[in-house]
Amino acid sequence: MNRRQALAGLGALSGTLLLPFSALSREKTAEKKFRYCLNTSTIRENANGILEFISVAGDAGYDGIEIWVRDVRAFLEQGGRAATLRQALADQGLVAENAIGFAPWLSGPVGLEEMHRDMDMLAEVGCRRVAAPAMGGDLSQPLDLFEMAGLYNQLLDLGRRTGVMPQLEFWGASDRFWHLGQAAMVLCISGDPDARLLPDVYHLFRGGTDFNALDMINGRFIDVFHLNDYPDPAELPRTDQTDADRVYPGDGAAPLSRVLNYLDTSPGEKVLSLELFHPAYWKQDARDVASTGLRKMKEAVEKAGLA
């Protein structure tokens, strides 16, 4: 993809992605609702493998689960079968909403082929999406967002072929790809209507994105939103916070009502996925943690006036 092609591709999204959402229809639809999902990072140290993760999420009452590629791979390498995981999900009434993986797709053909293998594996399990963080490439150089968009277009083509769509993810503590604005630029350059962002409350805050910037993104391009909270920056400065500092929704300083109302007025169903890495939670019973997380997500939705 050269710059002329990239700029031409902006036309596919220019009328939607970066319009302030206030300029679009904010009418709620009768069928619109949130789906509640458990990212297995939340219980990864106090539950034993992917089958137990599925059991815990289902017993707690979640609609879906966000699995990790490494856990699926470990299960299969130990002799497990994809059909067993599909059946476990069906037995619990769960949807495998997304997968967290780290294939170095920015490295070009080799990284893209690794992502392709991950997608094929996830398709066998019945997972419909996979995260695409900024992995691979020349770490000594700043990211070329035009080049990144071209590689993301190739990922989207793989997604359409496998049925597992890549969700562009940015990490707030990264020194390469940390801001909502960078992610929006990649999607605009891509110009692909199947492009999607995977935002995270903590990463928005940690990377210095103003939460008002959400209104500049058409929420149609978001399917999954990582829901969590973070300590008051007056007590723990933003740049000192890490993944381990994330807390249950409502237990920190994040403007969750602001985020949830933005999602509520965005087109399409939204998956709220609880993604935490708190060492204290990992020392507790996994089922208690999962149940508490679901309750706190629903309380946040109720507090936002959306229940």
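Here are some questions and answers on the core, a helix pair and a sheet of this predicted model.

In this predicted model, local features need pLDDT of at least 70 and side-chain atom pairs count only at pLDDT 80 or more, while totals for chains, interfaces and linings use all residues. Residues are numbered from 1 along each chain as its sequence is written, and side-chain values use heavy atoms, with hydrogens and water left out.

Q: Which helix gives the most residues to the largest nonpolar core?
A: A nonpolar core is a set of buried Ala, Val, Leu, Ile, Met, Phe, Trp, Tyr and Cys residues joined through side-chain atoms within 4.5 Å; buried means under 20% relative accessible area, with a 1.4 Å probe and protein chains only. The largest one has 94 residues, and Tyr62, Trp105, Met148, Leu168, Phe177 and Leu272 touch the most other members. Helices are DSSP runs of H or I with at least four residues, strands are E runs of at least two, and both are numbered from the N terminus. With nine residues, the top contributor is helix H7 (residues 145–162).

Q: At what angle do H7 and helix H8 pack?
A: Two packed helices are described by the angle between their axes and the distance between the axes. Here axes are lines fitted to C-alpha atoms, for helices over the stretch in contact (heavy atoms within 4.5 Å), and angles run from 0 to 180 degrees between N-to-C directions. The axes of H7 and H8 (residues 180–190) lie 8 Å apart, and the angle is about 65°.

Q: Which residues of H8 make the contact with H7?
A: On the H7 side, the contact uses Leu145, Phe146, Met148, Ala149, Tyr152, Asn153 and Leu156. The H8 side consists of Gln182, Met185, Val186, Leu187, Ile189 and Ser190.

Q: Which strands stand at the edges of the five-stranded open sheet?
A: Two strands pair if DSSP finds at least two bridges between them. The pairing in this sheet is parallel, with the order E3-E2-E1-E7-E6. Each edge strand has a single partner strand, so one side of each is left without a neighbour in the sheet; these are E3 (95–100) and E6 (224–227).

Q: Which residue in E7 stands opposite Phe225?
A: E6 and E7 run parallel and are joined by four bridges. In E6, Phe225 and Leu227 point one way, Val224 and His226 the other, and all are buried. The residue opposite Phe225 is Leu272.

How values were computed
Buried < 20%, exposed > 50% of the residue type's maximum accessible area, 1.4 Å probe, protein only.
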